[in-house]
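Work through the exercises below with the sequence and the model open. Try each task before reading its solution.

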Amino acid sequence: MARDSSSQRTDAPRIQVALIGCNHRTAPVEFRERVAFTPQQALSAVDELRRMGILEEAVVLSTCNRSELYGVPGEIDEGFAEAMEKFFTDFHQIPRRDLNGRLYRWVDSDAVRHLYRVAAGIDSMMLGEAEILGQLRAAYGQALDHGATGPVLNRVFQGAIEVGKRVRSETEVGARPMSLALAGVKLAERVFGNLKGHSALILGAGAVAEQVVEHLRSRGIGSLRVVNRSFDHASELAQRVGGEAIRWESLESVAGLPDVIVTSIGGAGPVLTRAMLERALAARNGRPVFAVDLGVPRNVESEAAGLYNLYLYNVDDLGEIVEQNRKAREAEIPRAEAIIAEHVAKFEAWRATLEASSIIEDLRGQFYKHREALLRERLQDMPDVSPEERQRIGRITEELIERVLEKPAKRLRHGPGLRGRLGAVDALRHLFGLEEGKE
Amino acid sequence: MLLFAVVRPIQRYNPSRAGGASQFMTHYLAYLTLALYGASFLCYVRILYTPRLGVGRLATLLLVGGIVSQYFALLERSRWIHSVPYNDLYGSMSLFAWLLGVTYLGLETFHRQRSVGAFVTLLLVAWMALLGLITRNEPLVPPPARGPLFAFHVTLNTWAYAAFALSFVLSLMYLAQDRLLRSRRPGKTFWRFPALDVIDVMSRSSVYVGLVALCLGAIMGLIWRHRLSGGYSWGDPKVIITLLILAVYIAYLCLSRSSQWRGARAALLCASNFVLVMFSYTFVNLYLTRFHRFF
C-alpha cells in the first residue's frame, strides 16, 4: 500500500505539486535498481507524462538511494496520483503486486517539504551528505533545459537548492566528516591547515587507501607516494591518482619525507615501528607527522603514539570521531527543519498569491460570460437601442465587473494571513461553482 | 553594570579641562568602542560555528570600527594631557588594548585567517571591562612634556607588549588544540579551532612584531635618556627586564624551529615568556623601577 498524503485533503488547491517515488528507507537496493532512471530515461519519462496529460511539469530525481518523480498535475482530480503510480510501474515494467508499500506519494506542502529535506541532506542515507544537492541541481537543470519545467516546479526546485545551501551554511548538518577516510584527512587539516604543498605516504593499495587518496587529491596535496607489498598494485594506484610508486624495500628511506602517513595493509604485525618513526621525525627536524592507521591488525606500533610531534590515529579512534560527528549532525536536524519550514511557508505564500490571481481571472471570466449572455438576451428585446448605446451599456457593465472585483482581488493578493487567503480562495471557488464550471 | 564600569573612568576625567562637547564625545566613543568590539566578538563566534564570508567580513569591519573609535577616544585623551596616555592606568591599558587590536588586525589581514578573532576580541572586551573596574577615581594629571621621541618609546613598547599578549593567546590555543589532537577524542570545540600550523605561524609573526617594536622602543628610550642625562641607566630594573624579555623571545624564535622544541614545547615556552612581560608591565612598573613608575 503506497503512502499517500493526498487523501488527507478535502479542498485541493488548483496549483498542486505531486511526488511519487521510493528511497533507501522504503525499498531495498534490488527494487531501487529496477526503478532507477538513466538521464535519457528521465527525459523520455517526462515527455511521456506530459504527452499523456498526467503532468504539466515534471522532474525526475534518480540517485543510487532514491528514484522520485515530481510533477504538477494537469487535471486536479482524485485520479492523478493513481495515474502517476501506474505510469511509474508501467515505465519500469514492475507488476503492481511487487510494490508492497515501497512507493510513497506526497502532494502539495508535503511534497515540497520532502524535496527540501532531500536537498538539505536530512533524508539521505548518510545524514547531511553534500552530493545530493549536486544531483538535485543536475536533475533540475536537465529538466529545465528540456523544457519540462514550468513556473511551479521552477519555484519549487530553486527553493530546494536555496534550502540545501542554507542548511549547509547555517547549520552543522553537513559540517563534520562521516567516513573514516574523510575523518582522517580532516584531522590532518587540523594539524597542517591547507594540505596544498604537503606530502603524503600511502601504505597499502586497497579500497580504503584509495578513498583517502581521493580526499587528499581533492584538497590539492603536493606529493603522493604509494608503497605496497605488491609493487604492481602500488604502481596501478599511483598511476591512477598521479602519485609515485615506491618499492616495499625502500619504505624506511621514504618514511621521513611525508607530512601525512596513511596505512591500510592487511596481514600480521606492525609495518611502522616506533624506532622507524623516531628516525623519520628526526630526519624532518621535528616537523609534525600525522599518521592514520586504518589497518586491522594495526600497521603502526602502538608505542609510537607517545612520540613527540607524531599524531597517530587508528581505526577505532576514527570510528569514535565519526560516531561523535553523526550525533552532532543529528542534533542539528531541528535547525535544518526550521529552515525547511520557513521555505515551505514561503512556497505556500507564493502559491496563495498565484491562486488568488488565478481565481480572480476565473471569476472575471465567469462574470463576463454571464454579462455577454445577459446583454444578448435583454438587448434582443430592445431593437430601438442604437449600436452606440449598446456599446455604452457594454462598457458600463464591464466597468461594473471590474469595480466589483477590485477589492476582493486586492484582499486576496495582499490580505493578512496565508491560511485566511487560502480559505477565501476555496470559499470563492465553492460559492461561484468555479470547479464545476471548469469541468 | 559592565558598561557603566567601563565608561566610568572617562566620565570622571577632569571636567574642568574638558569642555562639555569633548566630555560627551569621549563618553560616546567609549560606549561605541565597547559595543563594536562586542559585536565583532559575536560575529567572530558566529563564523566559528558556521563559516560565512559575509559574517567574517562584518566581524573584521566591526573590529576596524572599534579600533577607529578607540583611536579617537585615545586622541581625545591625548589632547587633554598633551601626551601619549601612559602615566595613568586607564590610558595605558586602553592604549595597550588598542595596539592589541591593531596587531591582530594586521595579522588577520596578512595571514587571511579569521578563526582566532573570537578569542582576541573576547580578550579586548574583557580587557576594556577590566580596566573600567580596576582604575581608580582620580583626576587626570598631565605628565611633564617629554617630546616626540619619548612618545614613540612609550607607544612602541606598549605595542610590543600587546603583540606578546597576542602570541600568548595564540600559544594557549596551540596547546589546547595539541592536547585535543593527542587525546584522540576531539570534542565539539576542536573542529572550530584553527590548524596547529596556522596558529604557530601567527604566533611567530606576532612575536616578530613584538621584538621589532621592543627593540625600536628600547633604542628610542635609551637615546631619549642619553639626551636628558648623558647616561643610559643600564641598572634600572625596567631596562634589565626589557633585555631579558628580548632574550627569552629570541630564544623562543630559535628553539621553535629546532627538532626538540618545535610544536607544543615552543608554544609552552612562548606562553611562559608572557609571564615576564606581565611582570614587567605591572610589578616592575609599580614597585621596582625609578623612572618608569607612572601610576
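The exercises below concern a predicted model.

**Exercise 1. Classify the packing of α5(A) against α6(A), and list the residues that make the contact.**

Step 1. Locate the helices. Helix α5 of chain A spans residues 131-145, and helix α6 of chain A spans residues 151-170.

Step 2. Take the geometry. The two axes come within 10 Å and cross at roughly 160 degrees.

Step 3. Apply the cut-off. Angles over 145 degrees count as roughly antiparallel. α5(A) and α6(A) are therefore roughly antiparallel to each other.

Step 4. Assign the hand. This crossing of α5(A) and α6(A) is left-handed.

Step 5. List the contact. α5(A) contributes L133(A), L136(A), R137(A) and Y140(A), while α6(A) contributes F157(A), A160(A), I161(A) and G164(A). By class, the contact of α5(A) with α6(A) holds six nonpolar residues, one polar and one charged.

**Exercise 2. Do the same for α7(A) and α8(A): find the angle, the hand and the contact residues.**

Step 1. Helix α8 of chain A covers residues 207-218. Its axis and that of α7(A) come within 9 Å. They cross at roughly 45 degrees.

Step 2. Check the angle against the classes. Roughly parallel requires an angle under 35 degrees, and roughly perpendicular runs from 65 to 115. The crossing at roughly 45 degrees makes α7(A) oblique to α8(A).

Step 3. The crossing of α7(A) and α8(A) is right-handed.

Step 4. On the α7(A) side, the residues are L180(A), A181(A), L182(A), G184(A) and V185(A). They meet V208(A), Q211(A), V212(A), H215(A) and L216(A) of α8(A). The contact of α7(A) with α8(A) has seven nonpolar and three polar residues, with no charged ones.

**Exercise 3. Describe the side of chain A that touches chain B.**

Step 1. Count the residues. Chain A brings 20 residues into contact with 17 residues of chain B.

Step 2. Find the elements. In chain A, α6, α7 (180-192), β11 (310-314) and α12 (315-331) each supply at least two residues of this side.

Step 3. Sort by class. The side of chain A that touches chain B has eight nonpolar, seven charged and five polar residues.

**Exercise 4. Summarise the fold of chain B, then analyse the contact between its two domains.**

Step 1. Read the secondary structure. Chain B has nine helices and zero strands. Its elements run α-α-α-α-α-α-α-α-α from the N terminus.

Step 2. Gauge burial and contact range. Of the 295 residues in chain B, 44% are buried. Among chain B contacts with a separation of 6 or more, 80% join residues 24 or more positions apart.

Step 3. Divide the chain. The domain assignment gives domain 1 (1-143) and domain 2 (146-295) of chain B.

Step 4. Count the contact. In chain B, 23 residues of domain 1 are in contact with 24 residues of domain 2.

Step 5. Name the contributors. α4 (89-111) and α5 (117-134) of chain B each supply at least two residues of the domain 1 side. α4(B) gives the most, with 11 residues.

Step 6. Sort by class. The side of domain 1 of chain B that touches domain 2 has 15 nonpolar residues, seven polar and one charged.

**Exercise 5. Locate the backbone exceptions at P297(A), D108(A) and N309(A) in chain A.**

Step 1. Recall the norm. Most residues other than glycine have a negative phi, and most peptide bonds are trans.

Step 2. Check omega. The V296(A) to P297(A) peptide bond is cis, with omega near 0 degrees. P297(A) sits in the loop between β10 (289-293) and β11 of chain A.

Step 3. Check N309(A). Its phi is positive, near 70 degrees. N309(A) also lies in the loop between β10 and β11 of chain A.

Step 4. Check D108(A). Its phi is near 55 degrees, again a positive value. D108(A) belongs to the loop between β5 (104-107) and α4 (109-120) of chain A.

Step 5. Test burial. The cut-off for buried is 20 or more other C-beta atoms within 10 Å. D108(A) has 22, so D108(A) is buried. N309(A) has 20, so N309(A) is buried.

**Exercise 6. Is P383(A) buried or exposed, and how far is P383(A) from S218(A)?**

Step 1. Place the residue. P383(A) lies in the loop between α13 (333-380) and α14 (387-414) of chain A.

Step 2. Apply the cut-off. Exposed means 12 or fewer other C-beta atoms within 10 Å. P383(A) has 6, so P383(A) is exposed.

Step 3. Give the separation. P383(A) and S218(A) are 165 residues apart in sequence. Their C-alpha atoms are 85 Å apart in space.

Definitions and conventions. Residues numbered from 1 in each chain as written. Chains lettered and ligands numbered in written order. Predicted model: local features only at pLDDT ≥ 70, side-chain atom pairs only at ≥ 80, totals over all residues. Axes fitted to C-alpha atoms, helices over the stretch in contact; angles between N-to-C directions. Helix = DSSP H or I, 4+ residues; strand = E, 2+ residues; numbered from the N terminus. Left-handed = near helix turned anticlockwise from the far one by under 90°. Contact = placed C-beta atoms within 7 Å. Nonpolar A, V, L, I, M, F, W, Y, C, P; charged D, E, K, R; others polar. Domains from an automatic or database assignment.
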